[in-house]
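User: I have a chain open here and would like to go through it with you. Could we start with the loops and work inwards?

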Amino acid sequence: MIGRLLSVGGFTALSRVAGFARDLLMAAILGAGPMSDALMVALRLPNHFRAIFAEGAFTAAFLPRYTAAATTGGIGLSSHASHFANDVFAWQFAAQMVLLLLALIFMPEIIALVAPGFASDPAQFELAVALTRITFPYLICVAIVTQYASMLNAIQRFKAAASAPILLSLSMIATLLLADHFTTPAHAAAVGVLVAGFLELLVLIWAASRAGFSLRLRLPRWGEKMGEFFRALGAATIGSGSVQIGLFIDTIIASFLPSGDLTSLYYADRINQLPMGIVGVALGTVLLPEMSARIAGKDERAASAAQNRAIVFGLLLTLPCTAAFLVMPDTIMRALFARGAFGEQAADTSAMALFAYGLGLPAFILLRCIVPSFYARGDTATPVRATVLSVIANIAMKIVLVWVFSFGAAGLALGTSFGAWVSFFVLVWLARRRGVLVLTPELKRAALPVAIVVGGVVAGMTGGLALGGVVLSQGGPLADEARFLFALSGAAAAFFIGTYAFRNRLPLRDALRRAKPAKPS
């Protein structure tokens, strides 16, 4: 399993590096102001609906059922798995077309609802409407991509789905470089999103064809399997919808903040998404089908072992990032973004938000390891209850921090982190109570080495910052960049030395030796 985690994580890392390059270009060209804030809303809206109707909810309901059907009957065109997938596809495509049509027609009303603060600037409001009409069709492409990705993941083929998001960044970089040919640079970025949707879809269709299956569009049909699927999807959608309500509230509150704060929050979240995307996505992508297959084969012990290895791997890679966000957020944001139209004040606002996101990062990663305890057993309702509770706590905390204590963008990020920890503790309590989360000796043996490695990383990072300050005592135009590199070098050296020193106490080496990709049926 760890081998597949590394494979998915590697492709996801490439995607995040490409995304980072795109964000640097976008920040330098657009800066932080009314135009960039309008673009942030146009980028957020299809992503909100994607999380509700595609990735999170859909994968939770579809993948375990498709995996079970593919495990017992294969994936041929006449198999039960293929018929089930085509029935799901028919309903999903019809629903997505209706949603797209309604969104295009009522986009002004939608923007007025999710970004009411834009109403004070008619030009910004109209720009947000125009940009969102360009980006919203991306949703239907990525919904189909998600189903193809789930089907490929079910047969242990992860590369295409993990690498496809790179196309989003490359497409946006290309259109941003051609920004002079568009109405505004924001229009260029929005068109890049739309083009990327079609490119990602083509890649996944090609990968599925090579794997020996395809989706066929037909009239939606109802049956017992569809009823079971939609009941699970409904429960999961409530959970995903609850999370997205919290993010909608983010957008609503942020639209009233000073111009540019929404953009600063976006770039802080983009840095936070690096470990969440690389580690968290890899964990979620690999662990759910792994546990689903083990549980379908009545091997609970192997399912728990896979989950515990994922927890160790997740903590080992995530906690050093958490330390960086807490120790040097200002150095990170200034070194990476404070250039071009994105000034130091905007970078400092982002740094405060990054610190707040860092407090919740371990919870987000651990949730990727805990939620499969329920989803792999067909239970989508329990995570929903925890999610609803966490969203309530999340929204309440944001209202207090932003509108009572005037914490601004940092208050939004801190509320998000608080909600993640609430969800984590509730799910752990429920999982332990039901006996679906078992802590193995492997996890207990690795806990102290992980803590020592992370302590070494903090020491290396702090020493690097201090050394950089001494070497660059006179400052200079690249002082922040140099201090960042000193700190990064110290942290990386400490991480690799510590990991090597404790290699026999960590599950990585044995897991890599055991990991063998499963052959498709």
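User: Where is Ser406 found?
Analyst: In this predicted model, Ser406 is found in the loop between α17 (381-404) and α18 (409-434). Its phi is positive, about 55 degrees, although Ser406 is not a glycine.

User: And is Ser406 buried or exposed?
Analyst: Ser406 counts as exposed, because its relative accessibility is 61% and the cut-off for that class is over 50%.

User: Which residue in the loop between α12 and α13 is worth a look?
Analyst: Lys298 has its place in that loop, with α13 covering 300-327. Lys298 is not a glycine either, yet it has a positive phi of about 65 degrees, and with a relative accessible area of 75% it is exposed.

User: Let's step back for a second. How many helices and strands are there in the chain?
Analyst: The chain has 21 helices and 0 strands. Of its 521 residues, 56% count as buried, and among contacts between residues at least 6 apart in sequence, 85% join residues at least 24 apart.

User: What does the accessible surface of the chain come to?
Analyst: It comes to about 21,400 Å², and 68% of that belongs to carbon and sulfur atoms.

User: Which residues make the nonpolar surface patch?
Analyst: Val98, Leu101, Leu102, Ile105 and Phe106 make a nonpolar surface patch of about 480 Å². Leu102, one of these residues, is found in helix α4 (residues 80-105) and counts as partly exposed at 44% relative accessibility.

User: Now inwards: where is Tyr267, and what does it touch?
Analyst: Tyr267 has its place in helix α12 (residues 261-296), and at 0% relative accessibility it counts as buried. Leaving aside residues up to four places away in sequence, Tyr267 touches Asp23, Met26, Ala27, Met40, Met333, Phe337, Phe342 and Ser350. Its C-alpha atom is also separated by 8.7 Å from that of Leu354, a residue 87 positions apart from Tyr267 along the chain.

User: Which aromatic cluster is Tyr267 in?
Analyst: Tyr267 forms one aromatic cluster with Phe20, Tyr266, Phe337 and Phe342. Two members of that cluster, Phe337 and Phe342, are also among the residues that Tyr267 touches.

User: How many aromatic pairs does the structure hold, and what about Phe495 and Phe496?
Analyst: The structure holds 13 aromatic pairs. The rings of Phe495 and Phe496 have their centres 5.4 Å apart and their planes at 80 degrees, so this pair is edge-to-face. As for their surroundings, Phe495 is buried with a relative accessible area of 15%, whereas Phe496 is exposed at 59%.

User: What sits over the ring of Tyr500?
Analyst: The charged end of Arg503 sits over that ring, 4.1 Å from the ring centre.

User: Switching to charges: how many salt bridges does a search of the whole structure find?
Analyst: The search finds 9 salt bridges. One of them joins the side chains of Asp23 and Arg270, with an N to O distance of 2.8 Å. Asp23 lies in helix α1 (residues 2-30) and Arg270 in helix α12, so the pair ties together parts that are 247 residues apart in sequence.

User: Are Asp23 and Arg270 buried or exposed, and which residue is linked with them in a network?
Analyst: Both Asp23 and Arg270 are buried, and Arg22 is linked with them in a network of salt bridges. Asp23 is also one of the residues that Tyr267 touches.

User: What about Glu290 and Arg294?
Analyst: Their side chains meet in a salt bridge at 3.5 Å, N to O. Glu290 and Arg294 are 4 residues apart in helix α12, which means that about one helical turn separates them. Glu290 is buried, with a relative accessible area of 6%, while Arg294 is partly exposed at 36%.

User: And which parts does the salt bridge of Arg334 and Asp348 tie together?
Analyst: The side chains of Arg334 and Asp348 meet at 2.8 Å, N to O. Arg334 lies in helix α14 (residues 329-337) and Asp348 in helix α15 (residues 344-370), so the salt bridge ties together parts that are 14 residues apart in sequence. Arg334 is partly exposed, with a relative accessible area of 21%, and Asp348 counts as partly exposed at 27% relative accessibility.

Key. Residues numbered from 1 in each chain as written. Predicted model: local features only at pLDDT ≥ 70, side-chain atom pairs only at ≥ 80, totals over all residues. Heavy atoms only, no water. Helix = DSSP H or I, 4+ residues; strand = E, 2+ residues; numbered from the N terminus. Buried < 20%, exposed > 50% of the residue type's maximum accessible area, 1.4 Å probe, protein only. Contact = heavy atoms within 4.5 Å. Salt bridge = Lys/Arg side-chain N within 4 Å of Asp/Glu carboxyl O. Phe/Tyr/Trp six-rings, centres within 6.5 Å; stacked < 30°, edge-to-face > 60°. Lys NZ or Arg CZ within 6 Å of the ring centre and 35° of its normal. Patch = residues over 30% accessible without salt bridge, like charges linked within 9 Å, V, L, I, M, F, W, Y side chains within 5 Å. Areas by Shrake-Rupley, 256 points an atom, 1.4 Å probe, with all protein chains shown as cover.
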